[in-house]
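Welcome! Here is a short briefing to help you find your way around this model. Have the sequence and the 3D view ready as you read.

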There are 2 protein chains.
Amino acid sequence: MPKTKYIEIYEDLKHKIEQNIYEYQQLLPSENTLVKEYDCSRNTVRRAIGNLVNDGYVQTKHGQGVRVIYQDFKQNEYMFGETESFKEFARRNHKQHETKVILFEELTVDEEIHAHTLIPVGVEVYHLKRVRYLEGKPVIMDHNYFRKDVVKGLTAEIAEDSIYQYLDRELDQRAVTAKRKMVVERTTEEDETYLNLDGFNSVVVVTSHIFNSDGVMFEHTQSRHTPGNFVFFDQTRRK
Amino acid sequence: MPKTKYIEIYEDLKHKIEQNIYEYQQLLPSENTLVKEYDCSRNTVRRAIGNLVNDGYVQTKHGQGVRVIYQDFKQNEYMFGETESFKEFARRNHKQHETKVILFEELTVDEEIHAHTLIPVGVEVYHLKRVRYLEGKPVIMDHNYFRKDVVKGLTAEIAEDSIYQYLDRELDQRAVTAKRKMVVERTTEEDETYLNLDGFNSVVVVTSHIFNSDGVMFEHTQSRHTPGNFVFFDQTRRK
DNA sequence: TGGTATTTGTCCGTATGTATC
DNA sequence: GGATACATACGGACAAATACC
């Protein structure tokens, strides 16, 4: 499984930045220097740098150089969001986790479901409600719709473990693009029944549309998070 | 002000997707076709497509093509976040807006301020508290720290209009990279005094670190949003 | 102040690999 | 197996912003 050259360079530079070999506010070696160092073309170096810019690790300036703007504030410990599953998230943070399925049904999308999921009318789907526990506390309530023609043979047992592991291992399917919308809403009775709200009268509602490698939107999920456990990071640049 | 070729192609394709000339789930013309159409190199076409992938407009698949996955759900009408100022946001949505400065002071960063802003100890800063009104309702409370050596000559009057307009027009300074962290917190007495919370007992706290083109982190802001008015969009892809 | 070197930004052409049809 | 399509990589040329002397 040979990695590509630009990914190797990207990861090497990233590690050097994280380990302060290249320090905050310092300039990286020039592109031409890196070309010699990694024995590759300038385009390849530039591609690696472009990824670091997207990650908010460095910032380039025309005629001047590439400046490190990475600061460690434990982004990795939390970092919800991204295209990461609940199980992966829990594992990475060494937290005990569990999922309980409280509804599992199969149905056909009608106009009403289409209106809020954008899944075409007539498509057959699994509809689930699941409660996610972290360290024994119920912190997320998921309302899922999965297309049956993509997520074939889903069962409640699988849904209590990891649907994404099943997709990847059994069906050779993967989530590629995830589009998300986040809002905060007042709690419903259902939220209050199932979640540990800790005094909050609101939940963070993350609505996701998820596409597989064929460009099919195979999942629509509304995740209702208890506010106390929700953290989201993001970095943008302009120009 | 001549735009670059790949930006022109990127914007042209983007418009064609938004106007359904290239439809949802359809494949774009192949890269080689687009090369002829735009009379440019394949690299340039690929660069334009790469930007559309980042925007969540299309998804590429090796050996198959570039598929449109854009769906219009009024992303443009709201879309807080990004590197957009409050004033720009209000203008774009045709909302009446206003800002009131409730604290304006100049001070020197000590250990305590450094700990939560990451601005180096000893740096002189402006410290402001501002309340932002949308359609007459107080919806955001900002706690700002600006470096005086970058944001020279800031006054309360400027802060009631638009600091970013002042930066751009008078000081030729621009925000380039913004790093954000979002959490939900219980309201403080100050929140309750100044904001229209509409029954919520929480606020969305967005902590931002903002860098200018020289890589200097010149602003640290904590924005406390009333939950009812907060919307955030995001798209990610993996692999 | 001004000219030169350095550095990043854009663009082109070509070759090869690999997945899909 | 052959054609098509995207992915990676190389090398070169010139422009534009900045730094240096």
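B:Arg186 lies over the face of A:Phe200, at 5.7 Å from the ring centre. Please keep in mind that this is a predicted model. The points below go through charges and rings, aromatic pairs, the relation of the two chains, and a record entry.

**Charges over rings**
- In the contact just described, the arginine belongs to chain B and the phenylalanine to chain A.
- Within chain B, the charged end of B:Arg47 is placed over the ring of B:Tyr6, and the distance to the ring centre is 3.9 Å.

**Aromatic pairs**
- A pair of aromatic rings is described by how far apart the centres are and by the angle of the planes.
- How many aromatic pairs does a search of the whole structure find? There are five over all chains.
- One of them joins A:Phe104 and A:Tyr126, a tilted pair with 5.8 Å from centre to centre and 40° between the planes.
- This pair links distant parts of the chain, since A:Phe104 is in strand β3 (residues 97-108) of chain A and A:Tyr126 is in strand β4 (residues 124-134) of chain A, 22 residues apart.
- Is A:Tyr126 buried or exposed? With a relative accessible area of 5%, A:Tyr126 is under the 20% cut-off and therefore buried.
- A:Phe104, in turn, has a relative accessible area of 28%, so this residue counts as partly exposed.
- Another pair is made by A:Phe232 and B:Phe232, with ring centres 6.0 Å apart; the planes are at 65°, so the pair is edge-to-face.
- That pair crosses between chains, running from strand β9 (residues 231-237) of chain A to strand β9 (residues 231-237) of chain B.
- Both A:Phe232 and B:Phe232 are buried.

**How the two chains relate**
- Two copies of a chain are related by a rotation about an axis and a shift along it.
- Here, a turn of 180° and a shift of 0.0 Å along the axis lay chain B on chain A with an RMSD of 0.1 Å.
- This is the relation of a two-fold axis.
- Which C-alpha of chain B is nearest the axis? It is that of B:Asn201, 3.2 Å from the axis.
- Of the interface residues of chain B, 98% are also interface residues in chain A, so the copies meet through the same surface.

**From the record**
- UniProt, in an unreviewed entry, lists residues 3-71 of chain A as "domain: HTH gntR-type".
- Over residues 3-71 of chain A, the model is 51% helix and 12% strand.
- The end C-alpha atoms of that stretch are 27 Å apart.

Key:
Residues numbered from 1 in each chain as written. Chains lettered and ligands numbered in written order. Predicted model: local features only at pLDDT ≥ 70, side-chain atom pairs only at ≥ 80, totals over all residues. Heavy atoms only, no water. Phe/Tyr/Trp six-rings, centres within 6.5 Å; stacked < 30°, edge-to-face > 60°. Helix = DSSP H or I, 4+ residues; strand = E, 2+ residues; numbered from the N terminus. Buried < 20%, exposed > 50% of the residue type's maximum accessible area, 1.4 Å probe, protein only. Lys NZ or Arg CZ within 6 Å of the ring centre and 35° of its normal. UniProt positions renumbered as here; feature names shortened; annotations may be inferred. Least-squares fit on C-alpha atoms with pLDDT ≥ 70 in both. Contact = heavy atoms within 4.5 Å.
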